[in-house]
Amino acid sequence: MAENKSLVSEFDVEKRALYEEDEILTLELDGGVPFECGIMGIFELDGKDYIALDSLEEGSIDIYLYNYVEVGDDFDLVDIPEDELERVCEAFERLMEEPI
């Protein structure tokens with residue numbers, strides 16, 4: 001059992017190493033619980049920008065997609081409306097399938 005925990009921890013360390021410090025965001029859930037995500041990238045679909053975030057929480061394989069809105073020198077992350085979510089997810093999946 002301790003071996004599995006060690007493998008997860010190594011995976012998390014390697015996953016975090018994929019991102020520079022300025023590519024890591026700390027988000028807060030509704031309950032105020034903070035968690036870190038790596039910025040996978042920003043992509044455009046139908047004139048709107050979206051951001052893909054890779055959860056850096058231990059053992060997580062979650063990816064979060066948000067509408068990315070620039071506000072002056074900063075930005076806001078806005079939940080994607082339900083009626084747009086499927087198209088955004090499909091566009092993100094196509095991007096992930098493209099060769100580098």
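This is a short tour of a predicted model, moving from its sheet to a helix and then to its nonpolar cores.

Begin by colouring the strands, and you will find five of them forming an open sheet in the order 1-2-3-4-5, with antiparallel pairing. At its edges lie strand 1 (24-28) and strand 5 (74-78), each of which pairs on one side only. If you look along the sheet, neighbouring strands are turned against each other by 45 degrees on average, when direction is ignored. As background, the strands of a sheet pair through backbone hydrogen bonds, and they may do so in a parallel or an antiparallel way.

Next, select strand 1 together with strand 2, which pair in the antiparallel sense over five bridges. To see one bridge, pick Glu 28, whose partner in strand 2 is Pro 34. Then add helix 2, which packs on the sheet and touches strand 2, strand 3 and strand 4 (63-71), while its direction makes about 85 degrees with that of strand 2.

Now show the side chains of the largest nonpolar core, which has nine residues, including Phe 43, Tyr 50, Leu 65, Ile 80 and Phe 92. Two or more of its residues come from each of strand 2 (34-45), strand 3 (48-55) and helix 2 (82-97), and helix 2 gives the most, with three.

Stay in this core and centre the view on Leu 65, which, leaving aside residues up to four places away in sequence, touches Phe 43, Ile 51, Ala 52, Ile 80, Val 88, Cys 89 and Phe 92. Finally, select Leu 25, Leu 27, Cys 37 and Ile 51, which are among the eight residues of another core, lying apart from the largest one.

Definitions and conventions:
Residues numbered from 1 in each chain as written. Predicted model: local features only at pLDDT ≥ 70, side-chain atom pairs only at ≥ 80, totals over all residues. Heavy atoms only, no water. Core = buried A, V, L, I, M, F, W, Y, C linked by side-chain atoms within 4.5 Å. Buried < 20%, exposed > 50% of the residue type's maximum accessible area, 1.4 Å probe, protein only. Helix = DSSP H or I, 4+ residues; strand = E, 2+ residues; numbered from the N terminus. Contact = heavy atoms within 4.5 Å. Pairing = 2+ DSSP bridges. Axes fitted to C-alpha atoms, helices over the stretch in contact; angles between N-to-C directions.
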